[in-house]
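I opened the model to look up its charged side chains. My notes follow the order of the look-ups.

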Amino acid sequence: MSVWSSYRLRLKRKRFKVRARRKSRELRALANRTSEIRPNDILLFCTMRNEDVRIPYFLRYYRELGVDHFIFVDNGSNDGGAEYLAKQPDVSIWSTTASYKKSRFGLDWLTYLQMRYADDHWTLTVDVDEFFVFPFCDTRPVRALTDWLDSSNIRSFGAMMLDMYPKGKVTDTPYQRDTNPLDIAPWFDAGNYTISRNDQFRNLWIQGGPRARVFFADRPKSAPALNKVPLVKWSSDYTYVSSTHMLLPRGLNLVYDEWGGEKASGVLLHMKFLDTLGAKAAEELSRGEHYAGSAEYAAYAEGLKTSPELWCKWSEKYINWRQLEILGIMSKGNWA
Amino acid sequence: MSSVGIVILVHTAFDRAEQVIRHWVKGGCPVVVHVDSSVPNGTFKAFERKLKPLKTVKFSKRYRCEWGTWGMVAATQNASEMMLTSFPDVRHVYLASGSCLPLRPVEELRTYLDGRPRTDFIESATTADVPWTVGGLDKERFTLRFPFSWKKHRRLFDGYVRLQRRFRFKRHIPSGLVPHMGSQWWCLTRQTLSAILQDPDRPAYDAYFKKVWIPDESYFQTLVRLYSPHIESRSLTLSKFDFQGKPHIFYDDHLQLLRRSDCFVARKTWPHANRLYNTFLNPDPAAFKAAEPNPGKIDRIFAKAVDRRTLGRPGLYMQSRWPRMDRENGLTSSPYSVFEGFVELFENFEFWLAKETGARVHGHLYHPEKAMFDGRQDHFQGALSNSAILRDYQPHMFLTNLIWNTRGERQAFQFGPDDNQKVAPSFIRDRNAQVSVISGAWAVPLFLSNRNFADIRIDAARMQQVETAHLNALRAADTKARVRIWTMADFIDSPMEALQTIVDEMTGKSVRTVTEAPRMVDLQGFGQFLQNLKNQGMHPYLMGDFPVENAIPAPKSTTRKPYLVRK
């Protein structure tokens with residue numbers, strides 16, 4: 001890779017940061033408790049819209065994991081979720097009604113807040129429907145992981161998205177507030193993922209799973225990317241490029257080993273396929289605020305009409321991280 | 001009483017260090033504490049104040065202990081001298097760090113050492129005999145100079161090493177010394193330790209070791225060889241290193257493992273491992289054990305972790321393992337078989353093969369319409385879809401996924417010139433592939449089909465071209481698959497022999513002989529069919545020589561019972 005191209009990426013990163021500063025004017029603080037953040041605290045960043053029903057369990061899950069402070073950006077919710085969050089003692093929340101799309105799908109807002117508050121903190125960036133699973137997460141808190149990463153001089157940790165789905169129709173069992181969505185949607189695809197390498201950003205591009213299998217079977221190339229780097233020892237120089245799929249500087253995307261070995265990695269259990277998806281797809285389709293003209297939601301809306309069953313005979317039922325490790329979806333690497 | 005004295009080097013996690021020091025003191029061991037001089041004075045003072053009331057805890061002169069430098073040795077020397085002079089009862093000095101956790105009651109350690117009053121426990125091996133050097137420096141640790149910090153000035157460090165290598169620079173090792181290395185955590189007797197510290201040549205040795213790379217792993221390990229009457233070359237401290245030379249860390253979930261290891265001290269413990277600290281610092285006094293330390297099981301777990309990191313699981317492609325070409329350590333995870341031309345020649349081949357070998361036998365997985373899974377199901381193991389579009393998006397990964405998903409069950413599938421050829425290079429390059437080809441057998445379905453001859457001729461020409469290219473690739477020098485190619489004529493000459501070879505290889509040379517043959521299609525008129533193609537100007541040559549009429553041992557009727565002729 002030439003000096004020229006790495007210079008261009010550097011400019012791109014600088015541009016994103018200037019943009020983030022500009023877009024920060026769209027943010028209005030609902031509750032700013034960032035003064036309570038202590039050095040070494042583990043932070044979680046999240047943008048959301050109308051996710052009230054999911055929030056209580058989301059907070060519970062990540063508090064148990066050991067996240068110390070949550071920073072939310074609410075994009076014009078009208079379901080009371082933002083107000084609920086503003087009351088939480090470990091949450092800071094900003095709100096905006098500006099365009100999600102024009103803010104690089106929320107990344108400009110997050111980049112700004114990360115620039116301000118996340119420097120030198122281990123930072124998880126996830127959506128409300130993503131649940132982080134890492135090796136030994138049933139016996140060790142996330143701080144054990146970040147301490148180990150620190151001692152190994154590793155700055156970023158990869159976690160692939162694993163789409164979870166229910167058996168039967170997505171709409172069959174409604175999701176109840178403050179319950180574990182895994183109880184409804186414990187199934188996943190274990191071994192139908194495809195990988196290619198993005199030479200520009202050096203990340204792996206992973207596709208597959210039920211979304212490719214059911215909604216994108218006729219055009220697998222457009223299937224959503226599943227690779228993510230959600231956990232990063234943040235520096236105010238960093239910025240996410242496209243969702244949390246990749247970062248700049250691009251060295252942070254090297255979360256995989258190229259010499260035959262395995263680096264440690266985790267999984268984001270992606271709880272998209274609950275009964276809330278139908279309404280969400282309809283809303284997002286009309287708003288058109290998502291990636292590629294909300295093509296993904298169009299596919300869901302279309303797909304849900306015709307074949308709402310994602311489950312097949314060979315679907316795997318989630319047990320724990322060790323199962324995912326054995327299946328080769330994530331790895332312990334040399335963490336023991 | 002106090003036959004064991006503990007020297008502790010501390011630089012972080014002072015709460016835990018304090019807990020551990022109190023534990024040693026409570027067990028009757030005097031402690032000399034060294035605190036890294038890079039620790040802020042305020043922190044140090046607070047730490048010191050907390051331990052002040054303890055009469056048998058002393059603080060030694062503070063040195064800067066950067067990893068791999070002399071400071072660590074200087075600190076140890078100083079603290080050891082303090083231990084020997086301040087506590088005359090001490091017979092063994094145990095060197096530990098602040099993150100070392102005692103796993104067995106102090107009393108057990110004392111009893112153990114009392115039983116071995118003259119033994120020095122220190123890992124000490126010559127450079128040629130140890131595999132665990134990091135950065136490619138083993139013998140050179142002792143023959144080059146290392147004035148630059150490895151952590152802070154890596155470039156200068158590496159550059160200076162290169163420079164010395166280029167000019168063949170060699171330091172003189174003081175006479176009488178044979179360089180040894182080993183774990184820096186030791187337990188030495190007063191006699192040995194004082195002999196090392198009071199050696200008249202010590203200034204010369206110190207001057208030499210000051211410029212040795214990582215002297216804390218070699219200073220005492222080398223000098224102990226001069227004085228010790230009885231060396232046990234192992235450390236009483238359980239301490240495992242990963243492939244980058246960093247110590248593995250113990251967490252709460254290691255509790256049972258650590259307990260069963262019967263080691264005296266473990267390094268290094270995660271400071272937040274509350275359960276470990278609570279359990280081991282409040283040992284059950286009734287459960288006295290005189291067991292020998294046995295770290296075998298922990299060794300294995302950590303060795304496996306290092307393998308996972310460096311070698312990975314062969315045949316797995318995933319988010320954190322994406323090997324470059326030729327670094328895969330096995331393209332797929334287990335052996336599988338590819339059959340070309342068999343289903344064309346035998347009516348019930350898939351069923352027959354499954355029965356004979358117990359393997360999972362698929363049809364044409366790379367069929368243009370869809371992947372023909374065993375039983376023609378829509379999905380297969382791992383939720384692989386039979387959609388041709390999904391499969392053809394990355395044909396190579398479809399194969400690696402299939403083989404990975406079915407670990408423990410041998411897979412076999414059919415392949416031919418009508419299938420997606422893009423996957424062929426993958427299995428040709430793969431040691432795990434067993435490829436058996438009956439060349440030209442693709443002509444049989446054409447022969448049996450009820451189509452216009454002109455169309456058949458076009459198809460035959462195309463398939464012959466595709467298969468010729470494929471066979472050339474199979475015969476190329478860089479092929480790694482085990483390949484067997486028969487022309488169709490050769491194969492039907494003695495089919496059972498060929499089938500027996502294949503089955504034997506698949507099942508691992510069983511003595512079992514194949515008793516039932518698969519049913520061959522009726523080839524009556526096939527020679528004429530080939531001749532007709534020739535007459536049309538399309539020369540089929542991959543089948544071998546077929547006489548025009550009836551020289552082929554065609555089955556007399558479809559109901560004939562097949563049998564095996566053995567010599």
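**Charge pairs and a patch**

I started in chain B, where the side chains of B:Glu516 and B:Lys355 meet in a salt bridge at 3.2 Å, N to O. I count a salt bridge when a side-chain nitrogen of Lys or Arg is within 4 Å of a carboxyl oxygen of Asp or Glu. B:Glu516 lies in the loop between α21 (495-507) and α22 (526-535), and B:Lys355 in helix α14 (residues 349-357), so the pair ties together parts of chain B that are 161 residues apart in sequence. Helices (H or I, at least four residues) and strands (E, at least two) are DSSP runs, numbered from the N terminus.

This is a predicted model: local features need pLDDT of at least 70, side-chain atom pairs count only at pLDDT 80 or more, and totals for chains, interfaces and linings use all residues. Residues are numbered from 1 along each chain as its sequence is written, chains are lettered from A and ligands numbered from 1 in the order in which they are written, and side-chain values use heavy atoms, with hydrogens and water left out.

Next I checked exposure. B:Glu516 is partly exposed at 38% relative accessible area, and B:Lys355 is exposed at 53%. My classes are buried under 20%, exposed over 50% and partly exposed in between (1.4 Å probe, protein chains only). The areas come from the Shrake-Rupley method.

I then noted a network: shared salt-bridge partners join A:Arg197, A:Asp199, A:Glu258 and B:Arg324. Over all chains I find 52 salt bridges.

In chain A, I looked up A:Arg60 and A:Asp178, whose side chains form a salt bridge at 3.3 Å, N to O. A:Arg60 sits in helix α2 (residues 55-65) and A:Asp178 in the loop between β8 (159-163) and β9 (187-188), so this pair links parts of chain A that are 118 residues apart in sequence. A:Arg60 is partly exposed at 37%. A:Asp178 is partly exposed, with 37% as well.

Which residues pair across chains? B:Arg309 and A:Asp257 meet in a salt bridge at 2.8 Å, N to O. B:Arg309 is in helix α12 of chain B and A:Asp257 in the loop between β14 (246-248) and β15 (266-270) of chain A, so the pair joins two chains. Both residues are buried.

Last, I turned to a positive surface patch of B:Arg260, B:Lys297, B:Arg300 and B:Lys304. Patch residues have over 30% relative accessible area and no salt bridge, with like charges joined within 9 Å. Helix α12 (residues 296-310) of chain B gives the largest share, three residues. B:Arg300 lies in that helix and is exposed at 54%.

Technical notes: Patch = residues over 30% accessible without salt bridge, like charges linked within 9 Å, V, L, I, M, F, W, Y side chains within 5 Å. Areas by Shrake-Rupley, 256 points an atom, 1.4 Å probe, with all protein chains shown as cover. Lys, Arg positive; Asp, Glu negative; His and termini not counted. Charge placed at Lys NZ, Arg CZ, Asp CG, Glu CD.
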